Amino acid sequence: MTAPERSTDATEPCPDADTKEPPSDLSLAGSGTAALKRTFKVYYRYLWPMLVAAGVPAAPLVLLAQPLTIWMTHDAVYVNGSLTPLSDLDAITLSGIGVLVVLGFLLAPIPVGASVVLGGSALLGRTVSVRDAWRAALRRYFTTLTWIVMLIVLAVAAIAAFVGLGLWLPDETPEWLLGGIVLVPFLLLLIPTTVMLPVALLEGHGPWRGLAVAWRIGREGRRMHILFVLGSYGVMTLANRGLDWVLQSQLGWGDMHPGSLVIGFLASALAAPMSVLLVCAPVIVRKNFFTPGSISFPAERDLDLAHVAQQLPEENRTGRAWEIMPLPRLVAVLLLPSLIGPAVVWADPFNTPSTTSSPVGDVGDDEFAADVSPQSSHTVVSLVRRGVLALECDPECEGGSAFDTDEPGSAVAATGSGFVRTGWQEFQYDLFSDEDPYAPHPDSGLYLWECERVQDCDEDDGTPIRPFSGRLYNTYTAVAPIGEGLLVVSYVRPDNRPEVEEATGADNGGLLAQVCGDRACENARSIPLADDITVGSSYLEGPFLDVAVSPEGSFTIAAFDSNWGALNVISCPDTECADPEVTPIVKDQFRREYKSRMRARFGTRIEYRPDGTPVLAYRDVKGGAAHVVDCHDTACTDFTDRAVTGPGWARPVPGLAVDSHGNVQLATFDMTAEQLVLMSCQGADCAETTTTALRNFSGEPLVSALALDSQNRPHIVWGDGESSYFDTESALEYLRCAEPLCGARDQTP
């Protein structure tokens, strides 16, 4: 048992005449510069004893924290190197955190107090053993505990003052002014409170007497005290937040990454002794006092070395100060507890997905389409809404270029040498011409632009590929590379007015496929398709028209009617497409035309498997479930339609991709858990799936687009938003997984 704390300064020493001769082995530094030199010398000589004094008592607590560190990765995802939980902390985890906080709070006075005693003694010239430093820390346990509480109260009070002033002062008050108002009184209290601990432990005071003495010691050197204390906190901040920034920016290791855990622990362990020494340094400086003849307040004073000599342990003369056990065992006690958790996390027992993320932008509407196309050196991300916003992501999305068009229904296709985009343009006659301004114009229709890069795409007139002089309603486009050229599929609502046929020729609208021999598409060959298929809805942007091309040159078109909920597939065995095959996948779902805003969530996507059979994904118009259509032949005349999720009224059409094994991958939303997930099918019919959670969402899910690169790594564009009566604000994100299929297992056939 330890003796109760008691103050030893019943009579304060006079700064002019010491009542006792100071011990010969203790001495004060003559200036702040001399104290700083001592600090670096002591750090070099006593680093290991101070690590032992602080690390050995903390080792059991560090060991207890390792299972919690490991468990935190069981339902989480790494985002740009930082661990992001995907679910709220359960009761067991919260209880574990609470127990560790309480134990840490109760244990902290031992390593902190021992470090101050050992470091302060070394600065004064006396070497004490680690065991004696622990005994001294135990004697002043409640002083150190009170010091910790005082720092916590100061921090909470400063935060409360900042928030309170922000609420009380006018809204236009700058934050730097609020910070300055709070910072000045906070520093006036923080500096003596911080210095109180070495004063109290070295001279043997209780917390309040120690605070008073610390204030008096600092009155003649307040600036020096401020610099040393700020340096102490700065060292720890640099070792934590500064190092975190370096690891994040240079290596991509963020919070809770196993590499950052190990390096952060080692950096903090090396910085903590320096931080302690900097706190002790201003206390050991001798001041040059100027005392007036008559004063009514307590005089300034130096550290009383006579009192210090009585309180400090005796000089260690029995061996090494740190020698409490054999060196190998001591190293194991200090290092192994902190390495267990990072080592297990690195082994990844819970298969935690690792992703990189970049914001794409905000969209003030929920009627838009998104596309993602991985290339060898970057990924092209595009948003379509009355034009195209295209970005290059690697993985940060930058170099965005916006291209406006008159009407909805643009499309983008990335190629090996760049990308192409399409857009519908409507022209009118001049008001001073002889023609009616609203008469059919021969220059109206679908245009195509070829670009080498997103940043190097000239806004020229484009190449007209489908002249159409009628009214541009229900305009949609899908583009895909085919051989050295392009396949362009477009739809515009038919306009059978005679003047339209006279201006346009035989094209009165409807669904049309065009095959181009090159990427410029200057001489497109048109392939008329079924004239009884409707796509999309008037002035509604969305993924209602899609096309996929097989390696053999066949292609299949998916067309979704958002007014009636019908889905049709048109298949062509080659680019001639003399006899296209039309297969209705889903027939009309409504008895009358559907006009709700939820039409923007409808749509379809189509891809080819390696065996040449198509696969489709769509969103059920009534219940919101995500469906996968498994085509049993190349024309999809025989198929299986399966719902792979439960209902969800806000779910948009899922993103679709096919991996190198021919398995379907979906980027969709778990509406119950409110998570973006990658759903990996285990077979052709998607009867069994593996679900990998990637993000949480809080608003309405708006879009999810998916593509796989050559290594089967998913690239996803997704977003959610908050809807109001007038509009929807959505934030979009580009997400790339570092591992094939985001780490989903059991993917081989």
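**Questions on a predicted model**

Guide: Val 156 lies in helix H5. The model is predicted, and every value discussed here was computed from it.

Visitor: Why is Val 156 called exposed?

Guide: The relative accessibility of Val 156 is 52%. Exposed requires over 50%, so Val 156 counts as exposed.

Visitor: Which nonpolar patch on the surface includes Val 156?

Guide: Val 156 joins Val 102, Phe 105, Leu 106, Val 149, Ile 152 and Val 153 in a patch with about 560 Å² of accessible area together. Helix H2 (91-107) and helix H5 (141-168) are the elements that give two or more residues to this patch. H5 contributes the most, with 4 residues.

Visitor: What makes Phe 427 and Tyr 447 a tilted pair?

Guide: The ring centres of Phe 427 and Tyr 447 are 6.2 Å apart, and the planes stand at 55°. Centres within 6.5 Å make a pair, and tilted covers planes that are neither under 30 nor over 60 degrees apart. The pair is therefore tilted. It links distant parts of the chain, since Phe 427 is in the loop between E9 and strand E10 (445-451) and Tyr 447 is in strand E10, 20 residues apart.

Visitor: How do you know whether Phe 427 and Tyr 447 are buried or exposed?

Guide: Phe 427 has a relative accessible area of 35%. That value falls between the limits of 20% and 50%, so the term is partly exposed. Tyr 447 is at 8%. Buried means under 20%, and Tyr 447 therefore counts as buried. Both residues also belong to one aromatic cluster with Trp 449.

Visitor: Why is the pair of Phe 560 and Phe 602 called tilted?

Guide: The distance is 6.1 Å centre to centre, with 55° between the planes. Because tilted pairs are those neither under 30 nor over 60 degrees, the pair of Phe 560 and Phe 602 is tilted. Phe 560 sits in strand E17 (residues 555-561) and Phe 602 in the loop between strand E19 (581-586) and strand E20 (604-608), 42 residues apart. Both Phe 560 and Phe 602 are buried.

Visitor: What makes the contact of Asp 244 with Arg 241 a salt bridge?

Guide: The closest N and O atoms of Asp 244 and Arg 241 are 3.0 Å apart. The cut-off is within 4 Å, so the contact qualifies as a salt bridge. Asp 244 and Arg 241 both lie in helix H8 (residues 222-251), 3 residues apart, about one turn of the helix. At 21% relative accessibility, Asp 244 counts as partly exposed, whereas Arg 241 is exposed at 52%.

Visitor: How do you know that Glu 576 and Arg 525 form a salt bridge?

Guide: The closest N and O atoms of Glu 576 and Arg 525 are 3.8 Å apart. This is within 4 Å, so the rule is met. Glu 576 is in the loop between strand E18 (566-572) and E19, and Arg 525 is in strand E15 (residues 525-528), 51 residues apart. Glu 576 is exposed at 52%, while Arg 525, at 31%, is partly exposed.

Visitor: Why does the salt bridge of Asp 685 with Arg 642 tie together parts that are apart in sequence?

Guide: Asp 685 lies in the loop between strand E26 (675-681) and strand E27 (689-696), and Arg 642 lies in strand E23 (residues 639-643), so the pair joins parts 43 residues apart in sequence. The closest N and O atoms of this salt bridge are 3.7 Å apart.

How values were computed
Residues numbered from 1 in each chain as written. Predicted model: local features only at pLDDT ≥ 70, side-chain atom pairs only at ≥ 80, totals over all residues. Heavy atoms only, no water. Patch = residues over 30% accessible without salt bridge, like charges linked within 9 Å, V, L, I, M, F, W, Y side chains within 5 Å. Areas by Shrake-Rupley, 256 points an atom, 1.4 Å probe, with all protein chains shown as cover. Salt bridge = Lys/Arg side-chain N within 4 Å of Asp/Glu carboxyl O. Buried < 20%, exposed > 50% of the residue type's maximum accessible area, 1.4 Å probe, protein only. Phe/Tyr/Trp six-rings, centres within 6.5 Å; stacked < 30°, edge-to-face > 60°.
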